[in-house]
Amino acid sequence: MLAWTIYISFIGVLVLMLLPREAARAARIIALLTAIAGCVAAFAGAVQQPNPGEVTTIVKIPWIPAIGASYYLAADGISLVLVVLTGLAAVAGILFSWNIEKRTKEFFAFYLALIGGVYGVFLSFDVLLLFVFYELTIIPKYFLIARWGSTRKEYGAMKLALYSFVGSHLVLIGLIAAWVVARAQTGHATLDLMALSRVSFPLGFQHWVFPLVFVGFGILAGLWPFHTWAPTGHVAAPTAGSMLLAGVVMKLGAYGCLRVAMVLFPDGVRMWQNEIAALAVIGIIYGAGAALVQKDFKFVIGYSSVSHMGFVLLGLATLNTIGLSGAVLQMFSHGIIAGLLFAVVGRMVYDRTHTRDFKDLQTMQLGRLLPFAGVTFVLAGVASMGLPGFSGFVAELQVLMGAWKVFPVATILSGLGIIIGVAYILRAVQKAFYSDAGPGESGHDHPLEPISVPERIGAVMLIAASLVIGLFPGLLLNWIQPCLNSPLSMFARLLNGGGL
Amino acid sequence: MNYLEVFQLAAPEAALTLTVLLVLAVDLITLRGESIERRFQTGALVSIIGCLMAVIFTFTHYGRTDPLHGLLVVDPLANFLKLVLLILTIFTMLISVSEKFTEHVGEYLALVLLGTIGLMLLVSAEDLLMIFISLELASLSLYILTAFNKRNARSSEAALKYFLFGGMSAAFLLFGFSLLYGLSGSTHLPEIAGALKGRGLDPLLLVAIVTTVIGFGFKVAAVPFHLWAPDAYEGAPTPSAAFIASGSKVASFYILAKILTLGFAGAEGSAVWHGYVPGWTPVIAVVAALSMVLGNLTAIVQSSVKRLLAYSAIAHAGYMLLGVLANTPSSRSALLFYVITYALTVLGAFGVVTVVEEATGGDALANFAGLSRRAPGLSLCLLVFLLSLAGIPPLAGFIGKFFVFSAAAGANAGHLGLLWLVILAILMSAVSFYYYLQVLKQAYVLDAPENAPAIKVPPATMFALVLLAVLVVLLGIAPGLLLSHL
């Protein structure tokens with residue numbers, strides 16, 4: 001069932017490619033149906049999963065026997081969380097790009113190709129296959145931004161594509177090296193993630209190869225100081241593009257860090273644990289600080305993503321169960337909330353006012369003109385601040401609890417990041433929606449187009465998702481924690497001290 | 001061994017030779033007054049039928065036969081490579097049919113076929129003399145093919161440059177071969193290796209190695225012997241450039257690897273980081289590193305797509321040399337997989353350039369603007385070819401790179417000695433993504449000039465391009481199809 005998430009998306013791409021150029025409406029509907037079908041498949045597959053603590057094989061057939069690669073799709077609880085997230089984000093993204101008029105079918109074809117690649121990464125348990133899907137997402141991202149984006153779109157798109165490509169090539173170096181060493185040690189070539197995770201790589205080797213792979217994936221997760229693609233990329237992207245970038249693409253990076261870099265080189269993580277935590281905390285504070293001083297509404301959200309992804313990386317660096325489960329939960333939570341924030345900024349505000357500059361927005365009294373947008377942004381904002389009841393709270397709390405045991409100072413510093421987080425959200429809410437500045441000379445004479453039905457559905461869906469997980473975090477933790485706790489799982493060596 | 005048996009062994013080459021005569025005769029006798037287009041179509045049809053005959057003959061021999069002491073070795077691998085060369089030739093014919101650059105249609109097609117015969121003999125040769133003769137047969141055909149556009153001064157300039165460089169490289173090669181003969185008393189590769197065994201690396205052998213590498217360095221356009229390539233690619237009629245970049249590359253790399261691993265067995269030396277031992281691998285390592293760096297960095301600033309492809313070809317020659325360098329049983333199939341998929345891809349890329357050039361009058365980057373609107377199918381093919389060259393999975397180019405890089409990294413049993421070269425190659429391949437994306441940006445992101453009409457793609461060319469694109473995708477998804485033959 002889960003594998004169908006991938007196939008459905010790519011079938012959608014093919015169907016869209018065959019459509020006549022003018023059929024914009026049909027393209028939208030096909031894209032939406034495809035995304036919904038993928039989302040349903042994700043949910044159904046996740047619910048059917050007998051035991052989320054174990055890796056359940058979906059399909060495993062030899063692909064390139066000469067190098068030990070197989071077409072190996074499988075899922076454990078962590079994959080399930082992210083697959084479900086992808087399903088939700090995909091549907092929401094389409095609802096918020098209902099107004100794409102320029103080359104509609106191509107837009108949605110690239111969009112679904114990106115989604116298909118993302119599902120593929122989360123379900124691959126063969127390292128080469130995972131890498132294939134990972135790189136497959138780069139091209140659609142580039143075209144979505146360069147063709148349908150706004151502010152400095154070609155620059156933002158190229159920067160994102162090059163950062164991703166360089167990152168994935170660092171990963172490739174590490175994978176080839178690991179493949180060679182594992183083959184020399186075990187006597188046969190394999191790229192199976194489970195088999196590789198049982199190989200004990202020499203400590204000296206892990207010492208240099210782990211940072212290579214971790215940073216390679218970390219670039220896409222917004223790891224400071226390699227995060228600079230994120231604000232420009234998010235701002236340049238069309239609404240659905242930024243929703244997917246923040247919602248799922250950054251998770252690809254974090255997922256790769258956890259599933260590949262950390263699982264393959266558990267001793268390497270321990271050698272670099274402090275450095276990772278330090279970079280994560282710098283990212284949290286720097287992202288929040290930068291968000292506080294932005295003049296462009298969308299840059300605020302762009303930098304806030306860097307800050308929130310810092311919590312994911314901090315959670316990964318804790319190397320204890322609660323920190324890691326917090327990190328995975330934060331991936332889900334941030335995926336939902338950031339998607340919603342970008343939807344408000346990009347679709348509800350920018351597509352109507354054609355400006356994202358706070359100076360102009362202040363004069364428009366959007367809170368009165370677009371009450372739905374205002375309320376949505378406030379809800380998403382408090383969720384992003386980490387108010388109890390929303391998913392962000394549970395996730396960040398777990399990360400901090402995990403971090404407190406290992407890095408008390410860093411934990412306190414990241415608390416500072418949370419406080420700045422409250423500040424920049426309040427500032428954005430005030431400046432964009434509820435300013436007293438009153439209509440200036442540039443006042444809007446023509447009424448704004450009302451918030452459409454697809455937008456309302458999308459917004460309600462995402463808020464509901466964040467609330468449900470905030471109130472019943474057990475729904476996801478029941479998937480995540482068995483994975484981490486099981487003594488037989490691939491994470492066992494990571495959490496139990498390994499050979500160091 | 002009588003002549004009839006030799007003739008049977010060389011049946012594919014013999015069939016092609018007869019086709020050459022037939023093409024010339026048909027064009028001369030029956031098509032004099034016809035339009036160039038019609039002459040091209042008929043001539044290409046005859047040539048393709050000849051090639052298909054030759055393809056059938058490549059299936060007739062199983063097992064290894066070497067009746068002429070290395071002059072003509074027929075084994076399954078050589079036969080398969082001949083098949084590949086013939087397929088590449090057929091594709092070259094298909095993308096040439098709509099060309100109008102010459103009135104000497106028969107001669108043009110005949111020279112393409114003669115070049116193919118040279119390359120086919122080359123992959124069957126294990127004897128220095130035969131290698132030299134077949135290489136010259138191929139090269140001389142290619143020089144003339146480069147000069148074929150008589151109306152364009154750049155074509156003649158490119159051909160002269162190519163010819164002068166090529167002549168010099170032939171001289172180097174011959175000098176190296178003569179030294180080898182002097183050292184070993186034989187022109188047969190296995191015998192040379194036997195005679196050189198245990199000799200150690202004396203200065204004379206080193207000179208022989210270096211001159212041989214220089215000679216082949218010209219053929220495969222590796223730095224610092226690459227200077228002819230950008231001009232030749234740009235000035236030559238595009239189908240000729242496609243042939244130079246595809247078929248000739250496959251055969252040259254195969255024979256280079258054969259000479260080095262078979263003829264210089266025992267004189268490998270080592271290019272391992274901090275473990276340098278003189279021999280042929282360090283020489284190749286230096287050439288490979290230079291090619292990857294210079295080719296990729298220079299390609300970034302090109303504005304002509306053909307020049308860009310030329311510099312990217314130099315960079316790819318660098319990656320391929322890693323496959324030569326690895327020198328393990330599995331690295332040979334990795335190298336051949338890379339070279340063959342590269343040839344298919346680059347042939348397709350040149351095919352797209354041919355059409356665009358014909359329709360817009362140039363091959364500058366700007367001529368590709370808005371291609372996705374003017375010719376959606378063509379543009380999709382270009383996307384596949386360039387992404388494969390950039391090494392994006394799941395296309396064939398990525399799998400080839402993975403094979404070659406992992407073979408090089410694993411060359412000495414887990415010691416990762418050549419990893420420095422692999423790291424360089426992977427980082428440079430990340431650079432290459434930038435310039436391929438520049439072309440795709442023109443095609444997919446920018447808009448065509450006002451009122452630019454849709455581009456009509458000749459059906460034969462479109463057929464060839466779609467087939468090539470499908471092959472590139474298929475060999476990426478199921479590399480076993482090709483790998484099992486290598």
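Hi everyone, let's start with a hairpin in chain A: strand β1 (residues 56-64) and strand β2 (residues 69-75) run antiparallel and are joined by seven bridges. Before I go further, please keep in mind that this is a predicted model. Within that pairing, A:V59 sits opposite A:L73 of β2(A). Four residues lie between the two strands, and in this hairpin A:G68 takes a positive phi near 80°.

Now to the place where the two chains meet. How many residues of each chain are in contact? On chain A there are 27, and they touch 28 residues of chain B. On the chain A side, three helices each supply at least two residues: α5 (127-136), α6 (138-148) and α7 (153-186). The largest share comes from α7(A), with 15 residues. If you like to think in side-chain classes, this side of chain A has 22 nonpolar residues, one polar and four charged.

Let's move on to chain B as a whole. Its secondary structure comes to 21 helices and two strands. Along the principal axes, the C-alpha trace of chain B spans about 70 × 55 × 40 Å. Does that go with a compact globule or against one? Well, for 486 residues such a globule would have a radius of gyration near 23 Å, and chain B has 22 Å, so the two agree.

What about the inside? Of the 486 residues in chain B, 62% are buried. And if you take the contacts in chain B between residues at least 6 apart in sequence, 78% of them join residues at least 24 apart.

That's my tour, thanks for listening!

Key
Residues are numbered from 1 along each chain as its sequence is written. Chains are lettered from A and ligands numbered from 1 in the order in which they are written. Two residues are in contact if their C-beta atoms, placed from the backbone, lie within 7 Å. Ala, Val, Leu, Ile, Met, Phe, Trp, Tyr, Cys and Pro count as nonpolar, Asp, Glu, Lys and Arg as charged, and the others, Gly among them, as polar. The radius of gyration is taken over C-alpha atoms; the globule rule is 2.2 Å times the number of residues to the power 0.38. A residue is buried if 20 or more other C-beta atoms lie within 10 Å of its own, exposed if 12 or fewer, and partly exposed in between; C-beta atoms are placed from the backbone. Two strands pair if DSSP finds at least two bridges between them.
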